[in-house]
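Work through the exercises below with the model open. Try each task before you read its solution.

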Amino acid sequence: MTGEEIRAWRISRNLTHAKLGDWLGLTPQAVSKYEERGATKALALALAALDRGLKPWRATKEDFKAVEQHVRMRALRKGVLNDEKTN
């Protein structure tokens, strides 16, 4: 996306730099920079997701706990598989 397209997208949805930045996890200055220079594919995808009604997401403590549990389970499975191979 070009910077001009990003600016048009933001203004047509009555969003300020601060509000869009908050949704994307960026500073208002970063939003302004994207409007000057254009966007990466990641930012364009994020804007498309917002446009389709996907709500902004922030990781919770439960999300981080789920990741820790996933890592532990993978380690346990890997250990079990390694033990089976050596027997």
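## Ground rules and a first residue

At 12% relative accessibility, E35 counts as buried; buried means under 20% relative accessible area, exposed over 50%, and partly exposed in between (1.4 Å probe, protein chains only). This is a predicted model: local features need pLDDT of at least 70, side-chain atom pairs count only at pLDDT 80 or more, and totals for chains, interfaces and linings use all residues. Residues are numbered from 1 along each chain as its sequence is written, and side-chain values use heavy atoms, with hydrogens and water left out.

## Exercise 1: E35 and R10

Task: Find the side chain with which the side chain of E35 makes a polar contact.

Solution:
- Step 1. Place E35. The residue is found in helix α3. Helices (H or I, at least four residues) and strands (E, at least two) are DSSP runs, numbered from the N terminus.
- Step 2. List the contacts of E35, meaning heavy atoms within 4.5 Å. Not counting residues up to four places away in sequence, E35 touches G3, E4, I6, R7, R10 and H17.
- Step 3. Look for the polar contact. The partner is the side chain of R10, at 2.4 Å. A polar contact is a pair of N or O atoms within 3.5 Å; within protein, one must be able to donate a hydrogen and the other to accept it, and residues adjacent in sequence count only if both atoms are side-chain atoms.

Task: Is R10 buried or exposed? Which backbone oxygen lies 2.9 Å from a polar atom of its side chain?

Solution:
- Step 1. Locate R10 in helix α1, residues 3-12.
- Step 2. Check its accessibility. R10 counts as buried because its relative accessibility is 7%.
- Step 3. Find the oxygen. The backbone oxygen belongs to L15.
- Step 4. Add the wider surroundings. Leaving aside neighbours within four places in sequence, R10 is in contact with L15, T16, H17, L20, V31 and E35.

## Exercise 2: two faces of α3

Task: Which residues of α3 are buried, and which are exposed on the other side?

Solution:
- Step 1. Mark the buried set. In α3, residues 28-37, these are A30, V31, Y34 and E35.
- Step 2. Look down the axis. The buried residues fall within an arc of 145°, so they line one face of the helix. The arc is that of the directions from the helix axis to the C-beta atoms.
- Step 3. Turn to the other side. Q29, E36 and R37 are exposed there.
- Step 4. Name the packing partners. The buried residues of α3 pack against α1, α2 (17-24) and α4 (41-51).
- Step 5. Step past the end of the helix. G38, just after α3, takes a positive phi of about 105°.

## Exercise 3: α4 and the core

Task: Which residues of α4 are buried, and what arc do they cover?

Solution:
- Step 1. Pick out L43, L47 and L50 as buried.
- Step 2. Check their directions. They cover an arc of only 60° around the axis, which puts them on the same side of α4.
- Step 3. Find the face turned away from the buried side. It carries the exposed residues K41, A42 and L45.
- Step 4. Follow the packing. The buried residues of α4 pack against α1, α2 and α3.
- Step 5. Zoom in on L43. Not counting residues up to four places away in sequence, L43 touches I6, L24, L26 and Y34.

Task: How many residues has the largest nonpolar core?

Solution:
- Step 1. Apply the rule. A nonpolar core is a set of buried Ala, Val, Leu, Ile, Met, Phe, Trp, Tyr and Cys residues joined through side-chain atoms within 4.5 Å.
- Step 2. Read off the members. The largest core has ten: I6, W9, L15, L20, V31, Y34, A39, L43, L47 and L50.
- Step 3. Assign them to helices. α1, α3 and α4 each supply at least two residues of this core. The largest share, three residues, comes from α4.

## Exercise 4: a loop residue

Task: Where does N14 lie, and is N14 buried or exposed?

Solution:
- Step 1. Find N14 in the loop between α1 and α2.
- Step 2. Check its area. N14 is exposed, with a relative accessible area of 71%.
- Step 3. Check its backbone. Phi of N14 is near 55°, a positive value in a residue other than glycine.

Technical notes:
Contact means heavy atoms within 4.5 Å.
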